Structure formats: structure tokens, C-alpha cells
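This report describes one protein structure for a reader who has not met it before. It goes through the strands, the helices that pack on them, a pocket and a salt bridge.

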Amino acid sequence: MENGVQRWVVDISKWEPSAIDFSFALSFLPQHHHSSITRFVKEEDRKRALISRLLQYALVHEVLGIPYQDIVIKRTSEGKPFLECGRVCFDLPNFNFNVSHHGDYVAIASEPLCLVGLDIVCCVVPKKETVVEYVQNFSSCFSSLEWDQIITAGSNNEVLTEFYRFWSLKEAYVKAIGSGLAYGLHRVEFYHNTSWTNISVKVDGVLNAQWRFWLSDLGKGHWVSPTSSFLCSSYSFCCMELYPVDFEKCSFLSSV
């Protein structure tokens with residue numbers, strides 16, 4: 001069971017492939033993925049997209065033992081990747097995974113029983129507006145408590161860091177449930193201690209105790225937030241059906 005719990009992070013900042021090397025790496029993916037990678041104009045975006053797809057196939061092969069040529073990964077309308085129905089291991093009935101990339105890092109996380117979400121943020125300093133003006137654009141995505149913590153965090157760098165920490169947690173949650181930003185980030189409110197090691201969430205004002213969140217500093221101004229939740233009832237997205245499991249079986253002690 002523990003084999004299904006995976007947390008992989010790749011630093012792509014020092015990978016500078018030639019056109020031939022990039023094409024070779026791309027050739028390991030099914031043809032229908034190619035256009036979604038090569039459509040990007042910037043090389044950094046193409047690299048992130050390529051590594052993200054490769055990690056998905058590598059993880060499915062590693063955990064489930066499915067031959068690469070038999071792996072079929074699709075995406076929901078909101079962009080959540082999933083393994084096509086009928087291609088699962090019966091020992092891991094709820095196997096699901098989530099990916100994220102931003103800045104120098106690409107990451108993937110999987111769970112055999114619990115619902116899993118993941119988000120990476122890079123603390124990018126805005127160039128055409130002040131930090132306060134930048135974060136103000138997203139004020140509607142935060143509760144009054146969260147917003148107060150952000151704007152009173154201290155220096156511009158501290159404000160930006162606080163903003164991105166909250167943002168990463170919110171993104172991880174909505175990505176886990178497969179709803180994307182359309183869910184409404186303001187509905188998800190996070191609480192934490194001073195070290196960000198005891199994180200809880202309220203959804204629509206109700207404490208959601210089955211969720212567990214972690215926030216890890218990857219360095220170079222990057223943060224990653226893996227999250228997982230045990231299922232109290234069946235849950236489905238696209239053609240996948242996930243089933244309720246015992247709380248104790250979920251890997252809530254796992255983190256990046």
C-alpha cells in the first residue's frame with residue numbers, strides 16, 4: 001500500500017536540452033501529448049510541460065507496474081489528470097495523482113486510498129506594480145482573516161510570501177477535488193500556527209477535519225503544498241469512482 005504514496009520533485013533549472021535532446025525526451029510520450037507541450041513559445045514553459053507529462057507516466061509505471069505503452073492518461077475538463085478507467089491495480093482501488101509546476105520545479109504526488117492535491121508556487125516579484133497592488137488583485141479569493149494576515153505580514157517580501165503560501169494551499173485543495181478555480185477560492189479558509197506546521201481548513205465556514213495539508217519550502221523562493229483527504233463517501237470525477245476508506249489507512253504523515 002505504501003508504494004502508492006509517492007512525492008516526487010524535479011528541479012529543472014539546470015536542464016538545458018538541445019533541440020535533439022528535447023525531441024528525444026518528447027518521443028517517450030504518446031503522440032497526442034506532443035502538441036500540448038510544443039505549443040508553448042517559451043522554452044521554460046515547454047520544459048515544465050514535458051517533465052510534468054513524463055513524471056505522470058513514470059509514476060504510474062513505477063507504482064502500478066503498467067507497461068508504458070499501455071498507460072492511458074487523460075484530463076478532466078478542469079485539467080485534473082487521471083488514469084483511464086479499467087487500467088488500475090485492484091490493490092490500490094483509489095489510486096490517484098496530481099501534478100504541479102511553477103518556476104524551477106515540477107512535482108507529482110499520488111495516493112492509493114486518499115484524494116490527493118498538489119500545488120507549487122514561486123514567489124515572483126511583480127514588475128509593473130507594487131506588491132500591495134499585485135496581491136490586491138486577488139483579494140476576493142481570501143477570507144477577511146486570511147487577507148488581514150497577508151497585508152500585515154511585514155515587508156513587501158513577507159507580504160508576497162504570505163500571499164503565495166495561502167494561494168498554494170487553496171490551489172492544492174481545489175485541484176484535489178478536481179474543481180479548479182471555478183470552485184471559488186474564497187470558500188476555502190485556512191488556519192495555521194506560526195511555523196505553518198499545523199494547518200486546518202474550513203469550507204463554507206465548516207471545519208473539514210478529514211483534510212491534511214503540508215507546506216514545504218523548496219528553496220529559491222518556492223513552496224509546495226501537498227494535501228490529502230480520506231473519503232467519507234464515494235467520490236467521482238470524469239469516469240473515475242473513488243470509494244470511502246478508513247481514516248487510519250490514509251497516509252496523513254506523508255509529505256514532500
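Two strands count as paired if DSSP finds at least two bridges between them. The model shown here is predicted. Strand 11 (residues 216-219) and strand 12 (residues 222-229) pair in the antiparallel sense, with 3 bridges. The two form a hairpin, with 2 residues between the strands. Lys-220 lies in the turn and has a positive phi of about 55 degrees. Asp-217 has Trp-223 of strand 12 opposite it.

**Paired strands**

Three antiparallel pairs are listed below with their bridges.

| Strand | Partner | Bridges |
|---|---|---|
| Strand 1 (6-11) | Strand 5 (residues 105-111) | 6 bridges |
| Strand 7 (188-191) | Strand 8 (residues 200-203) | 4 bridges |
| Strand 11 (residues 216-219) | Strand 12 (residues 222-229) | 3 bridges |

**The sheet with strands 1, 5 and 4**

An open sheet has 3 strands in the order 1-5-4, and their pairing is antiparallel. Strand 1 (6-11) and strand 4 (96-102) are its edge strands, each pairing on one side only. On average, neighbouring strands of this sheet are turned by 10 degrees against each other, direction ignored. Gln-6 has Ser-110 in strand 5 as its bridge partner. Helix 3 (residues 43-64) lies across strand 1, strand 4 and strand 5, and runs at about 25 degrees to strand 5.

A salt bridge also involves this sheet. Side chains of opposite charge can pair when their charged atoms come close. Here the side chains of Arg-7 and Glu-111 meet, at 2.6 Å from N to O. Arg-7 belongs to strand 1 and Glu-111 to strand 5, so the pair, 104 residues apart, links distant parts of the chain. A search of the whole structure finds 10 salt bridges.

**The sheet with strands 7, 8 and 9**

Another open sheet of 3 strands has the order 7-8-9, again with antiparallel pairing. Strand 7 (188-191) and strand 9 (206-207) stand at the edges with a single partner strand each, so one side of each has no neighbour in the sheet. Helix 6 packs on this sheet and touches strand 7 and strand 8. The direction of helix 6 makes about 130 degrees with that of strand 7. Within the pair of strand 7 and strand 8, Val-188 stands opposite Val-203.

**Helix 5 against helix 6**

Helix 6 (156-176) also has helix 5 (residues 144-151) beside it, with axes that come within 7 Å and cross at roughly 150 degrees. From helix 5, Glu-146, Gln-149, Ile-150 and Ile-151 take part in the contact, meeting Val-159, Glu-162, Phe-163, Phe-166 and Lys-170 of helix 6. Sorted by class, the residues in this contact are 5 nonpolar, 1 polar and 3 charged.

**The largest pocket**

How much space lies in the largest pocket? The volume is about 630 Å³. Its lining has 30 residues, and Arg-75, Val-99, Ser-100, His-101 and Lys-175 lie nearest the centre. Helix 3, strand 4, strand 6 (115-122) and helix 6 each supply at least two lining residues. Helix 3 gives the largest share, 6 residues. The lining divides into 9 nonpolar, 11 polar and 10 charged residues. Helix 3 thus appears twice in this account: across strand 1, strand 4 and strand 5, and in the lining of the largest pocket.

Methods: Residues numbered from 1 in each chain as written. Predicted model: local features only at pLDDT ≥ 70, side-chain atom pairs only at ≥ 80, totals over all residues. Heavy atoms only, no water. Axes fitted to C-alpha atoms, helices over the stretch in contact; angles between N-to-C directions. Contact = heavy atoms within 4.5 Å. 1 Å grid on protein atoms, 1.4 Å probe; cavity = no way out; pocket = protein on both sides within 12 Å on 5 of 7 lines; lining within 4 Å. Points joined across faces, edges and corners; volume = space filled by probe spheres on them. Nonpolar A, V, L, I, M, F, W, Y, C, P; charged D, E, K, R; others polar. Salt bridge = Lys/Arg side-chain N within 4 Å of Asp/Glu carboxyl O.
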